[in-house]
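Subject: Structure for you to look at

Hi,

Here is the structure I promised to pass on. Have a look when you get a moment, and my notes follow underneath.

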Amino acid sequence: MNRSQILEEIQKNVTKLSTSNLPEYKYIPLHQKPSPSVDELKKIMHLLKKIIFPGFFGTEQEAKEHSMEYYMGVHLEQLYDLLQEQIFHGLCFEVEGCSDSKERSSNIAVEFINHIPHIKYLLSTDIKAILDGDPAAKSLSEIIFCYPAIQAILHQRVAHCLLNLGVPVIPRIITEIAHSNTGIDIHPGAKIGEYFSIDHGTGVVIGKTAVIGNHVRLYQGVTLGAKNFILDNEGLPLDVPRHPILEDWVTVYSNASILGRITIGEGSVIGGNIWLTHSVPPHSKVLQSGAIE
């Protein structure tokens with residue numbers, strides 16, 4: 001082909017790809033609204049790591065007692081500026097008009113900042129739970145700096161808070177950033193109590209309506225998923241509670257799949273490679289049957 005023929009072929013595709021109402025593309029809408037920035041949200045999460053874990057992800061100077069309040073104030077102000085803009089874009093993402101969203105995004109950003117001390121408290125309990133359950137962990141500092149579970153849980157707790165404050169789309173982006181980095185997939189809607197720990201973590205999946213109590217421990221490959229869906233009149237799945245409830249002090253070992261709106265009673269142990277679709281009472285042990293020779 002000569003250059004003229006190549007440009008003719010390109011133009012055919014330009015026209016087709018620029019037409020948004022073609023029936024074959026009906027599930028890809030034309031997006032003409034402000035969108036949150038993944039890069040900016042990564043900056044926000046890095047700032048939050050510096051705020052919640054002083055000295056680990058910033059500079060040594062930021063962690064000195066005499067300068068702590070100065071740097072904390074600087075970081076929180078930076079966080080507000082970044083966060084309110086991204087919240088504004090999130091509020092505009094799925095609505096027709098967003099002229100009234102500026103003040104709302106500012107108020108939500110401030111309200112989120114007021115929740116950071118509680119998020120830090122929850123993460124402190126998570127770190128302790130990991131230390132108590134992992135002989136390979138040599139210190140609290142090692143867990144904060146190295147363990148992927150802390151990154152995934154931090155992202156989920158931040159995303160869960162933003163979701164509860166009415167922020168659309170951004171919570172899901174935040175948990176998907178952690179999912180990509182760690183292989184741990186926790187939906188921002190999941191409710192997770194204190195002293196939560198994930199050992200190793202790769203392949204863990206926790207669905208949106210899962211409820212996890214205090215002192216719960218999961219191992220790699222665990223799925224807290226849905227067994228099936230209830231469909232509406234148009235054949236679309238309804239967003240109803242469909243994931244498990246794990247009560248306090250439950251341990252679930254590697255590659256177990258717990259499916260449906262069932263309850264795992266307090267103090268229960270679910271063994272590895274178990275497929276569980278029914279509730280179990282408190283203090284149960286669900287293990288694999290022995291091999292048949």
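Below is what turned up, going from the domains to the sheets and then to the salt bridges.

Please keep in mind that this is a predicted model.

**The two domains**

The domain assignment splits the protein chain into domain 1, residues 35-183, and domain 2, residues 190-288. Their C-alpha centres are 25 Å apart, and the contact draws on 18 residues of domain 1 and 16 residues of domain 2. About 1,200 Å² is buried between domain 1 and domain 2, with carbon and sulfur atoms giving 51% of that area.

What holds charged or polar partners across this interface? The rule finds zero salt bridges between domain 1 and domain 2, but nine residue pairs are in polar contact there, counting pairs with both residues at pLDDT 80 or more.

On the side of domain 1 that touches domain 2, helix 4 (101-133) and helix 6 (148-164) each supply at least two residues. Helix 4 gives the most to that side, with nine residues. Sorted by class, the side of domain 1 that touches domain 2 has seven nonpolar, six polar and five charged residues.

**The two open sheets**

One open sheet has five strands in the order 1-4-7-10-13, and the pairing is parallel. Strand 1 (185-186) and strand 13 (275-276) are its edge strands, each pairing on one side only. If you zoom in on one of those edges, you will find strand 10 (residues 257-259) paired with strand 13 in the parallel sense over two bridges. Ile258 stands opposite Leu276 of strand 13.

There is also an open sheet of four strands, again with parallel pairing, in the order 2-5-8-11. Strand 2 (191-192) and strand 11 (263-264) stand at the edges with a single partner strand each, so one side of each has no neighbour in the sheet. Strand 8 (residues 245-246) runs parallel to strand 11 and is joined to strand 11 by two bridges. Here Leu246 has Ile264, in strand 11, as its bridge partner.

**Salt bridges**

How many salt bridges does a search of the whole structure find? The total is seven, and, as noted above, the interface of domain 1 and domain 2 has zero.

One that is easy to find on screen is between the side chains of Lys12 and Glu9, at 3.2 Å from N to O. Side chains of opposite charge can pair when their charged atoms come close. Lys12 and Glu9 are three residues apart in helix 1 (residues 3-17), so about one helical turn separates them.

That is everything I have for now. Happy to talk it over whenever suits you.

Best wishes

Notes. Residues numbered from 1 in each chain as written. Predicted model: local features only at pLDDT ≥ 70, side-chain atom pairs only at ≥ 80, totals over all residues. Heavy atoms only, no water. Domains from an automatic or database assignment. Contact = heavy atoms within 4.5 Å. Buried area = accessible area lost by both parts, 1.4 Å probe. Salt bridge = Lys/Arg side-chain N within 4 Å of Asp/Glu carboxyl O. Polar contact = N/O pair within 3.5 Å; in protein donor to acceptor, adjacent residues only side chain to side chain. Nonpolar A, V, L, I, M, F, W, Y, C, P; charged D, E, K, R; others polar. Pairing = 2+ DSSP bridges.
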